[in-house]
Amino acid sequence: EKLGIALVGLGNYSSGQLAPALQETKLCKLSGIVTGTPQKEQEWAQKYNIPDSNIYNYETYDQIADNDDIDIIYVVLPNSMHAEYTIRAAEAGKHVICEKPMATSAKDCQRMIDACNQANRKLSIGYRLHFEPHNKEMMRLGRNEVLGPVQQMSGTFSFPLNDPDAWRLDKKMAGGGPLMDVGIYIVQASLYTMGQLPTSVKAWDETKDHETFSEVEGTIRWNLNFPNNVVLQADSSYEDRGNNFRMEAANGWAELSPAYSYGGIKGETSEGPMDFPQVNQQALQMDDFARCIIEDDQTIVPGEMGKRDMIILDSIYESAETGSEVSLEFDKDGDFID
Ligand code: NAD
């Protein structure tokens, strides 16, 4: 019997990626939906064969507590809503997957971790690239010093945001701009390649169009400093396009380009091209979480990792605002390194 997942928020990511992935999963399936749009209830019920009893809206959300078909709630809402809907999911007795970025502050991340611990429920973040073979190879090459110790890293993740009404432009809803949305992937890549926590950060707001990007940054650049003088040089933008990650090691290099896409990821090293299959990242990610629940195992992408990354993002913004280098301090549950 597969575990049942309910998707909360049926926007682009749920409809374009997660629901299709849930047709391929082996240990979990799409059992329920939570939506504020009545028209979507009908559409999704028909397309995915979801019974009326498993369809909820934002008023009836907490009643999922009484539904045995639903084991996992997957929060796919705008960033500022992640904390509330994760905490309420835990209080309803459900395990939770929460999309990235985990929340809009490290404090909220801690509340989410605490709520899941108190309810004795598991919490994971939608960090799909931990299940992607080329990115896993980058982790192996970096951490095992296969090409010698890592000396330098660089990355870009940018796309032109063309919807002027998007919640992504609203500071309250999004918590920030491209850094929160996609720059987080470069931060992630640098940590999983190094297998170490960074020590400090320096950042620069390089927004071009201040009219469109009046609340959140349009473009941001940062240097993330690791022990032994290793630096990640990164940038992220809603005003440009780019998708890559590169590391220089003592005896060679490795690069992913594109690095963070849902498919079509390509990798190359100083030894030659990487040869790995394309996978359904979301299916693997959700199946691994289901396996963790079934076997009572630890997820490799827990809330603690989401909180750690939020501490780093907060510090990047602090440095961009103050113009000073900011030391990173990872408090309780934030010092996660797997
Ligand atoms: P989206 O705008 O397409 O969808 C958001 C959904 O939330 C919509 O269905 C909207 O109706 C609903 N919603 C409910 N209450 C709302 C409110 N008060 N204001 C605005 N919308 C409200 O966004 P998306 O691209 O699907 O992103 C959703 C989340 O998923 C974000 O946190 C994002 O960072 C994350 N995401 C992750 C990935 C990934 O690869 N892991 C990819 C895309 C998005």
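Trainee: Which residues come nearest to the ligand?

Mentor: In this predicted model, 17 residues lie around the ligand, and those that come nearest are Gly9, Gly11, Asn12, Tyr13 and Glu99.

Trainee: Which helix gives the largest share of the shell around the ligand, and how many residues of each class does that shell have?

Mentor: The largest share comes from helix α1, residues 12-21, which supplies three residues. Sorted by class, the shell around the ligand holds seven polar, six nonpolar and four charged residues.

Trainee: How should I read a pair of helices, for instance α3 and α4?

Mentor: Two packed helices are described by the distance between their axes and by the angle between those axes. Here the axes of helix α3 (residues 82-91) and helix α4 (residues 106-118) come within 9 Å of each other, and they cross at roughly 10°. Because an angle under 35 degrees counts as roughly parallel, α3 is roughly parallel to α4.

Trainee: Which residues of α3 and α4 meet?

Mentor: From α3 there are Ala83, Thr86, Ile87, Ala90 and Glu91, and in α4 they meet Asp108, Arg111, Met112, Ala115 and Cys116. By class, this contact of α3 with α4 has six nonpolar residues, three charged residues and one polar residue.

Trainee: Now let me turn to a single residue: is Asp309 buried or exposed?

Mentor: To decide, we count the other C-beta atoms within 10 Å of the residue's own, and a residue with 20 or more of them is called buried. Asp309 has 24 C-beta neighbours inside 10 Å, and therefore Asp309 counts as buried. You will find Asp309 in helix α9, which covers residues 303-322.

Trainee: What is Asp309 in contact with, leaving aside its neighbours within four places in sequence?

Mentor: With those neighbours left aside, Asp309 is in contact with Ile184, Val187 and Gln188. Take Ile184 as an example of how the fold joins separate parts of the sequence: Asp309 and Ile184 are 125 residues apart in sequence, yet their C-alpha atoms are 7.4 Å apart in space.

Trainee: How many helices and strands are there in the chain, and what share of its residues is buried?

Mentor: The chain contains nine helices and 15 strands, and buried residues make up 49% of its 338 residues. Of the contacts in the chain with a separation of 6 or more, 69% are between residues 24 or more positions apart.

Trainee: What is the radius of gyration of the chain, and what would a compact globule have?

Mentor: A compact globule with 338 residues would have a radius of gyration near 20 Å, and the chain has 20 Å, so the two agree. Along its principal axes, the C-alpha trace of the chain spans about 55 × 45 × 35 Å.

Note on methods
Residues are numbered from 1 along each chain as its sequence is written. This is a predicted model: local features need pLDDT of at least 70, side-chain atom pairs count only at pLDDT 80 or more; totals for chains, interfaces and linings use all residues. Axes are lines fitted to C-alpha atoms, for helices over the stretch in contact, and angles run from 0 to 180 degrees between N-to-C directions. Helices (H or I, at least four residues) and strands (E, at least two) are DSSP runs, numbered from the N terminus. Angles under 35 degrees count as roughly parallel, over 145 as roughly antiparallel, 65 to 115 as roughly perpendicular and the rest as oblique. Two residues are in contact if their C-beta atoms, placed from the backbone, lie within 7 Å. Ala, Val, Leu, Ile, Met, Phe, Trp, Tyr, Cys and Pro count as nonpolar, Asp, Glu, Lys and Arg as charged, and the others, Gly among them, as polar. The radius of gyration is taken over C-alpha atoms; the globule rule is 2.2 Å times the number of residues to the power 0.38. A residue is buried if 20 or more other C-beta atoms lie within 10 Å of its own, exposed if 12 or fewer, and partly exposed in between; C-beta atoms are placed from the backbone. A residue is near a molecule or strand if its C-beta atom, placed from the backbone, lies within 6 Å of it.
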